[in-house]
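Dear colleague,

Please find below the structure that I am handing over to you. My findings follow directly after it, and I would be grateful if you would read them alongside the coordinates.

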Amino acid sequence: MTTPVLDLFQFDDLLTPAQKELRDEVRKYMEYEVKPRINDYWERGEIALDLALGLRELPIMGGTQEGYGCAGLDNVSDGLVKYEICRVDGSISTLFGVHSGLAMGSISMLGSEEQKERWLPAMARMDRLGAFALTEPERGSDAAHVQTTAQRVGSHYVLNGQKRWIGNGTIADLIIVWARDESGRFGGFVLEDPGQLPGFTATAMEGKIAKRAVHQAEITLEDVHLPAANRLAGCNSFRDLTAVLANTRAGVAWEAVGLAAGCYEFALNYACQREQFGKPIAAFQLIQAKLVEMAADVAQGQLLVWRLAKLMETGAATPGQLSLAKQTCAAKARRAAALAREILGGNGILIDNHVARLFTDVEATYTYEGTNEINLLIAGREITGIGAFV
């Protein structure tokens, strides 16, 4: 394995033996199975599906959700899983996060008992993959005002609209489409085997520079029929969905710290091995300064997300805290990736050294689950009591 992150503030002391065991199990899989192979997928822009499916052998699917085959993890353990996956690769993290967090989380938190029994066990085994279709071509940050419609016609709904940036959208067996019905109520509608539904098309987006080993889809819905029973029973407004998004926003904060840790580790290993002027470049003051800044950012991020997880366990975490954690950790990850690229010099733009891949992946992490600006404004609203956006 690579050199572990220097534990500047004894982060490990905050973890239970069970949490450490799970972390090490995920780390072993990512280090020995994913890291040696992921660059080829990334270079080709091909979904690393077989590598992602290997995660089903670990007790992690469904995260903190309980029952129906879900892992039922505590918040810290769930965060550590995301940290360790993203420490090696962002694409696998997104494929896993969309399926286990957004799709399974939506069904678990907003579905009826019948719907949970119907869909979650197979998803927990990764026999059926999930996707989450909220973002639209004209609705990114303003996701509450989706333009996709679901018209009730007898015992069915008829869906029309477009979705964009939908992770797993080209391979999913279940896609949760968020739309408004004829009365304007917001809801989630589960499309089963969407590729077989007349009027449904999903096209992989091309030209990405980040997370190339997972595909995002552009989806078109033209009079797509689905049974009324496929509407999630517990969602009648966008506010109902925010509980799911709160969990995933916290997860992205953990992912960002994992990305920063991965960049730091790759850079530290390289600096200790790369020799110039008769000694390792780690012996030079400017390189050491960069490494210390990166290590400090990782340590601060670890402590922040751990504290956030403990607040979430008691239900005390606020929207402002969740947004600030995501914004802060993503910004630190972006800086760590840039410093790692600098330390590797010209070799930093080659994916063989892994930093180039993480360097681009962090750009996606910086934007999704709320842009930097939106998360700052959510935190600002909580601090001042004044909303600076509609």
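A crossing of two helices is called left-handed if the near helix is turned anticlockwise from the far one by less than a right angle, and right-handed if it is turned clockwise. Please note also that this is a predicted model.

Helices 5 and 6

By that definition, helix 5 and helix 6 make a left-handed crossing. Helix 6 comprises residues 113-124, and its axis comes within 9 Å of the axis of helix 5, at a crossing angle of roughly 160°. Because angles over 145 degrees count as roughly antiparallel, helix 5 is roughly antiparallel to helix 6. On the side of helix 5, the contact is made by His99, Ala103, Met104, Ile107 and Ser108. Their partners in helix 6 are Gln115, Lys116, Trp119, Leu120, Met123 and Ala124. By character, the residues of this contact divide into seven nonpolar, three polar and one charged.

Helices 4 and 5

Helix 5 (residues 90-110) also meets helix 4 (residues 75-88); here the axes come within 7 Å and cross at roughly 145°. Val81, Ile85 and Cys86 are the residues that helix 4 brings to this contact, while helix 5 brings Gly90, Ile92, Ser93 and Phe96. Five of the contact residues are nonpolar and two are polar, with no charged residue among them.

Cysteines

How many disulfides does a search of the whole structure find? The search finds zero. Cys235 is in no disulfide, and the nearest cysteine sulfur to its own, that of Cys70, is 18 Å away. Cys235 is buried, with a relative accessible area of 1%. Cys329 is likewise in no disulfide; in its case the nearest cysteine sulfur belongs to Cys86 and is 12 Å away. Cys329 is buried as well, with a relative accessible area of 3%. Since a disulfide requires two cysteine sulfur atoms within 2.5 Å, the distances of 18 Å for Cys235 and 12 Å for Cys329 exclude both.

Arg231

Is Arg231 buried or exposed? Its relative accessible area is 9%, and because buried means under 20%, Arg231 counts as buried. Arg231 lies in the loop between strand 7 (216-227) and helix 7 (238-273). Leaving aside residues up to four places away in sequence, Arg231 touches Gln115, Tyr157, Asp181, Arg185, Phe186, Gly187, Gly188, Phe189 and Asn236. Gln115, one of these neighbours, is also among the helix 6 residues that meet helix 5.

With kind regards

Note on methods. Residues are numbered from 1 along each chain as its sequence is written. This is a predicted model: local features need pLDDT of at least 70, side-chain atom pairs count only at pLDDT 80 or more; totals for chains, interfaces and linings use all residues. Side-chain values use heavy atoms; hydrogens and water are left out. Helices (H or I, at least four residues) and strands (E, at least two) are DSSP runs, numbered from the N terminus. Buried means under 20% relative accessible area, exposed over 50%, partly exposed in between (1.4 Å probe, protein chains only). Contact means heavy atoms within 4.5 Å. Axes are lines fitted to C-alpha atoms, for helices over the stretch in contact, and angles run from 0 to 180 degrees between N-to-C directions. Ala, Val, Leu, Ile, Met, Phe, Trp, Tyr, Cys and Pro count as nonpolar, Asp, Glu, Lys and Arg as charged, and the others, Gly among them, as polar. Angles under 35 degrees count as roughly parallel, over 145 as roughly antiparallel, 65 to 115 as roughly perpendicular and the rest as oblique.
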